[in-house]
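Here's a quick briefing on a two-part question: where are the open spaces in this protein, and how do its parts meet? Have the structure open while you read.

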Amino acid sequence: SCLNENITNLPEDINAGVAQTCRQLNSMLLDRFPDDKSGTTFIILIAYKQKLYTSWVGDSEAYIFHSEDFHPLSAPVHDFADDIKERLREDLKKPEYEGYTILNSPAEFSEIKTKFQCWFSSNGKKLSVVPSDNVIKRYGGGFETSISVSRSIGDPRFGELLKPEPDSSATTILDNSIVIIGSDGLWDVIPPAEVQQRVRKLAGEILDDANVKLPQSEANIKATLKLLSKDIMAEALRRWGDGYRDDVSFFVCWFNP
């Protein structure tokens, strides 16, 4: 319902409408579950005419697969690159960040204080955060938490450090395509180049055939996508093994221009 309210004109309103929806979802989650320290990533694809409009918050990813190649529809932040570090350092000078301080290294941390204390890992992939004492008391758990994304929805532990603002892209659909939208639990263990091989093996027939159309080929398309989904899920779970396993969630979709 948020999207319907925020997007009234296609495609002009898509980026601004999705951004407003992400802010509303963030506020709703924080209001309804004030004591839940879980956050979530977000990714959405909107198909309009021959284009796919993708918006994302965090590190879930989407790729479009053709018969012989693939390319990303999103570009999530997996680490804190130099430009992001500099932006965050500048943000921390603003009045709304008064409750935060950034340290040069963990060696400067001495005790839990009334302010958030943060420092970047030496390889730049994570931001270590020690919340203020009242946040630690409220949510419990270890006092130090590492985050590898700068954007999230519904995570109250880090305040302004994690923003619900999405990035966006637009891609033209030129031929039969399969789009896979997945959490990092999928892409961490099966990179897209390997997924491409499975797409080619199990779905090459419907990608190569220009006569595959809806609704005539609906049964064949659904059966192919189901087979591909089961194959990818089984391989992802096998690679995670029986120990710690990240969430593995994904959608497999077929598009025809």
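Domain bounds here come from an automatic or database domain assignment. With those bounds, the C-alpha centres of domain 1 and domain 2 lie 32 Å apart. Keep in mind that this is a predicted model.

**The two domains**

- The assignment splits the protein into domain 1, made of 14–77 + 167–255, and domain 2, which covers 82–147.
- At the meeting point, 5 residues of domain 1 are in contact with 5 residues of domain 2.
- Together the two domains bury about 360 Å² between them, and carbon and sulfur atoms account for 52% of that.
- On the domain 1 side, the residues that lose the most area to domain 2 are P34, D35 and K37, which together make up 81% of what that side buries.
- How many salt bridges does the rule find across the interface of domain 1 and domain 2? The count is 1.

**The D35–R138 pair**

- Side chains of opposite charge can pair when their charged atoms come close.
- The side chains of D35 and R138 do this in a salt bridge, at 3.1 Å from N to O.
- This pair ties together distant parts of the chain: D35 sits in the loop between α2 and β1, while R138 is in helix α4 (residues 133–139), 103 residues away.
- Looking at the whole structure, you'll find 15 salt bridges.
- D35 turns up twice in this story, since it is also one of the domain 1 residues that lose the most area to domain 2.

**The largest pocket**

- Its volume comes to about 810 Å³.
- A set of 32 residues lines the largest pocket, and G39, T40, T41, D59 and D184 are the ones nearest its centre.
- Four elements give two or more residues to that lining: β1 (42–48), β8 (145–147), β10 (177–182) and β11 (250–255).
- Sorted by class, the lining of the largest pocket has 12 polar, 11 nonpolar and 9 charged residues.
- Why does the largest pocket lie between the domains? Both domain 1 and domain 2 give residues to its lining, so the pocket lies between them.

**The second largest pocket**

- About 160 Å³ of space lies in the second largest pocket.
- It has 14 lining residues, with R87, D91, S150, L161 and K163 closest to the centre.
- Which helix gives the most to the lining of the second largest pocket? That's α3 (residues 82–91), with 4 residues.
- The class count for this lining is 7 nonpolar, 6 charged and 1 polar.

**The cavity**

- A search of the whole structure for cavities of 30 Å³ or more turns up 1.
- The largest cavity holds about 50 Å³ of space.
- Around the largest cavity you'll see W56, G58, D59, P76, V77, V149, S150, R151 and D167.
- By class, that lining has 4 nonpolar, 3 charged and 2 polar residues.
- Two names here should look familiar: D59 lines the largest cavity and is among the residues nearest the centre of the largest pocket.
- S150 also lines the largest cavity, and it is listed with the residues closest to the centre of the second largest pocket.

**Backbone oddities**

- L10 and P11 are joined by a cis peptide bond, with omega at about -5°.
- You'll find P11 in the loop between α1 (2–6) and α2 (14–32).
- Another cis peptide bond runs from L214 to P215, where omega is near 5°.
- P215 is in the loop between α6 (192–208) and α7 (218–240).
- K49 isn't a glycine, yet it has a positive phi of about 55°.
- Look for K49 in the loop between β1 and β2 (51–57).

Key: Residues are numbered from 1 along each chain as its sequence is written. This is a predicted model: local features need pLDDT of at least 70, side-chain atom pairs count only at pLDDT 80 or more; totals for chains, interfaces and linings use all residues. Side-chain values use heavy atoms; hydrogens and water are left out. On a 1 Å grid over the protein atoms alone, a cavity is a set of points where a 1.4 Å probe fits but cannot get out, and a pocket is an open set with protein on both sides within 12 Å along at least five of seven lines; lining residues have an atom within 4 Å of a point. Grid points are joined across faces, edges and corners, and a volume is the space filled by probe spheres set on the points. Ala, Val, Leu, Ile, Met, Phe, Trp, Tyr, Cys and Pro count as nonpolar, Asp, Glu, Lys and Arg as charged, and the others, Gly among them, as polar. Contact means heavy atoms within 4.5 Å. Buried area is the accessible area (1.4 Å probe) that two parts lose on being put together, summed over both. A salt bridge is a side-chain nitrogen of Lys or Arg within 4 Å of a carboxyl oxygen of Asp or Glu.
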